[in-house]
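Work through the exercises below with the sequence and the structure at hand. Try each task before reading its solution.

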Amino acid sequence: MDKANADWAKEIPCKNITIYGFCKYENEGCIFNHKSTKTGTKNANSVTAGNNEDLVPQIQPSANQVGQGAQSASMSDVQNTVGLQPSQQNLQNVQNVGSKYNAKTAAFFTPSSKPTIIKQEKSTQKLGSEMSSASLGSGFISGFNPYAANFTPGNATSSPADTPPPTSSSGRAFNPYSAPAVMGNVGNVSLPAPVSGSSFPDVAFEHHHRSSAINPNFPTIYPPSHSILQYHLYAPDPPLHLQVSLKPNERTPEMLFIPNNLREELVKKNQAALQVFPASGMLPDIVGDYFGLVPLEFHSRPASDKRYCGHQNSLYKVFSNVDGKVYIMRRIHDVQIAESHQLSKAFQAWEKVECSNVVKLRDAFVSRAFNDSSLCMVQDYYPQSPSLLETHQVSFSLTPITQDLLWAYLVQMCSAIQEVHSQNLALQNICLEKVIVTGSPGRIKVADCGTKDILLSSSDRDLFKEQQQDFRDLGSMLKELVSKMTGVKNSPIEGPAIDEQFKNAVDYLCENNSFKTLQELMGLISHKILPVMTSFQNYAEYTESILSRELENGRLFRLMCKLSCIFGRTESRVDINWSESGDKFPIVLFYDYVFHQVDETGKPVMDLTHVLRCLNKLDAGVSERLMLATPDELNCIIISYKELKDLIDSTFRMMTQ
Ligand SMILES: Nc1ncnc2c1ncn2[C@@H]1O[C@H](COP(=O)(O)OP(=O)(O)OP(=O)(O)O)[C@@H](O)[C@H]1O
């Protein structure tokens, strides 16, 4: 740069003015043009500041100025300047301070000049069509507190103070959690994943979520908004194309813990099991030995009249007063049981049914707690278990039906029929609504067994006919699934997608006038029983291996708890035993050695493998020795993991005595 002959720079606007609003070298020889630059860089906010060009950047700083330029004025000075429309007096005060405005120290600076907002609106409309200009404009008013704003989604009449969050293109506030309220099954809350790819929906979600506490239209306690686990906050695995190939001895941190999808599934199940319903007076507090009723049916499908002999039914999740476990209770409304032994006889028969494909009946009684005579059937509860209908036909995320899945269903249904028929009972409820899917890979159970046996008196019944009907019901259920899979309705099963043997089995089941036996049916499907068994066994082994991995993590967690309990206590800082000459000092050094490693430049080393290796050796108490050095490297101790383990154990014991 030719500084000696600076004429060439005279006309070039100084970059410091553009960036910072002033140039501190202006009077110290900066060769660029400062005059025209000042006028040219007057930012949009300067409209309200009249012609006082020198003050403009100080009062209404542009983003650049806020971040960089200004030296802070004292708070009182700043407050003088932070009125919505800076008056001449304000401007004067600022001039007196002579320093630059610092937005960080100004608690309620509100650049509200209209022209500014309009300009921002215009520019940002281009950026995202989803963001309405009104919400954006007020979104930039820093006085707006999104968490205190009392807005109703989609409410267009809100005042500036409670301006709604950014809206979607349809004009309605985005709320990823609005769906479950109408989705049904609250015990089995399943939350739709929030829209990704844009930051705006997240903003809107955050507004709605926080403001729910003050919005009367939002179900604040059912489900409790604060207890909704935000599944999307878990870090997902990196996309496949970003995963580096590992050497056989290498592991990623994800491999050391439970896989994300399984963990999420289990967390959801736990949460569904633990979810409670606020006492509203609409439901009795206690029914028999059970309390904490949570309604489970929220769908709008009409109940079948035939299913419960014309009686209405309701389903609740309940907690047992006897063993504290969670069960489901089906209430059949307004029932008259003709024969007194009808209930106990049926219950005793169904109590004997032990099959992994039939939901176990635990209790049956008549209760007046609902202000009528209701039959209550208590059964095992399997959280997050949708019916086959919900899994494959009527939900937000349908599971595709495959031939393997159909075989797995058929084999399991044979197991259910085999057990129930051998107890001289009939299932009588084989249909898509009453078979629930309890887990992978396609594990199913027939729910709600035994109710008809209680409702119908024995004189009206023919066990043989009912058992034959079970086979036909199974045939119709499979046929429905096949037609869903192939897309062809109400016709004999056809098409290359379906096995010939499967077609034969379904034809056999659906034949109207023939006498059916389980042996004949099993003969038709025998070649598929072993593959289904293998897939179940593989899954069991997979989950067992994850369980054993978590077992290790559980062991280390206990060790970590022990270490954390004894390490870092305030009293230990003055205790001579924890000092450099004390007998507990190896614990201090070991803690640093495991968790606070640094490299030669002093940068922290985050090596999970090192942590796990050390903790595992400590837990096992191996005789391997390690050298622990003080941070100044002037002292070191050579000690074995065994000695450390004994020292930690004895310290812990002493503290618990
Ligand atoms: N034992 C159970 N454990 C957990 N969830 C269950 C259990 N039984 C049923 N469910 C859940 O409750 C939902 C409702 O079951 P229900 O048997 O009432 O079906 P439905 O379609 O409402 O039939 P209905 O018309 O007879 O009321 C099922 O879709 C299922 O997700």
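This is a predicted model.

**Exercise 1.** Find which elements cover the buried residues of α20, and say why these residues lie on the same side of the helix.

*Solution.* Start with the cover: it includes α18, the strands β9 (625-629) and β10 (636-640), and α22 (641-656). Next, list what is covered. Helix α20 spans residues 585-595, and its buried residues are Ile587, Leu589 and Phe590. Because they cover an arc of only 165° around the axis, these residues sit on the same side of α20.

**Exercise 2.** Do the same for α17: which residues are buried, and which elements are among those that cover them?

*Solution.* Helix α17 runs over residues 500-510, with Ala505, Val506 and Leu509 as its buried residues. Their arc around the axis is only 95°, so they are on the same side of α17. A general rule helps here: an α-helix has 3.6 residues a turn, so residues three or four places apart point the same way. The cover of the buried residues of α17 includes α14, α16 (463-486) and α18.

**Exercise 3.** Classify the packing of α14 and α18 as parallel, antiparallel, perpendicular or oblique, and describe the contact.

*Solution.* First take the geometry. The axes of α14 (residues 403-422) and α18 (residues 518-566) come within 9 Å and cross at roughly 130°. An angle over 145 degrees would count as roughly antiparallel, and 65 to 115 as roughly perpendicular. The angle here fits neither class, and α14 and α18 are therefore oblique to each other. The crossing of α14 past α18 is left-handed. Now the residues: α14 contributes Trp407, Ala408, Leu410, Val411, Cys414, Ile417, Gln418 and His421, while α18 contributes Leu518, Leu521, Met522, Ile525, Lys528, Ile529 and Val532. Sorted by class, this contact has 12 nonpolar residues, two polar and one charged.

**Exercise 4.** Repeat the analysis for α14 and α16: how are they oriented to each other, and which residues make the contact?

*Solution.* The two helices pack with their axes 11 Å apart, at an angle of about 165°. Angles over 145 degrees count as roughly antiparallel, and α14 and α16 are therefore roughly antiparallel to each other. In this pair α14 passes α16 in a right-handed crossing. On the α14 side the contact is made by Leu406, Leu410, Met413, Ile417 and His421; on the α16 side, by Gln467, Asp470, Leu474, Leu478, Leu481 and Val482. The classes are eight nonpolar, two polar and one charged.

How values were computed:
Residues are numbered from 1 along each chain as its sequence is written. This is a predicted model: local features need pLDDT of at least 70, side-chain atom pairs count only at pLDDT 80 or more; totals for chains, interfaces and linings use all residues. Axes are lines fitted to C-alpha atoms, for helices over the stretch in contact, and angles run from 0 to 180 degrees between N-to-C directions. Helices (H or I, at least four residues) and strands (E, at least two) are DSSP runs, numbered from the N terminus. Angles under 35 degrees count as roughly parallel, over 145 as roughly antiparallel, 65 to 115 as roughly perpendicular and the rest as oblique. A crossing is left-handed if the near helix is turned anticlockwise from the far one by less than a right angle, and right-handed if clockwise. Two residues are in contact if their C-beta atoms, placed from the backbone, lie within 7 Å. Ala, Val, Leu, Ile, Met, Phe, Trp, Tyr, Cys and Pro count as nonpolar, Asp, Glu, Lys and Arg as charged, and the others, Gly among them, as polar. A residue is buried if 20 or more other C-beta atoms lie within 10 Å of its own, exposed if 12 or fewer, and partly exposed in between; C-beta atoms are placed from the backbone. The arc is that of the directions from the helix axis to the C-beta atoms.
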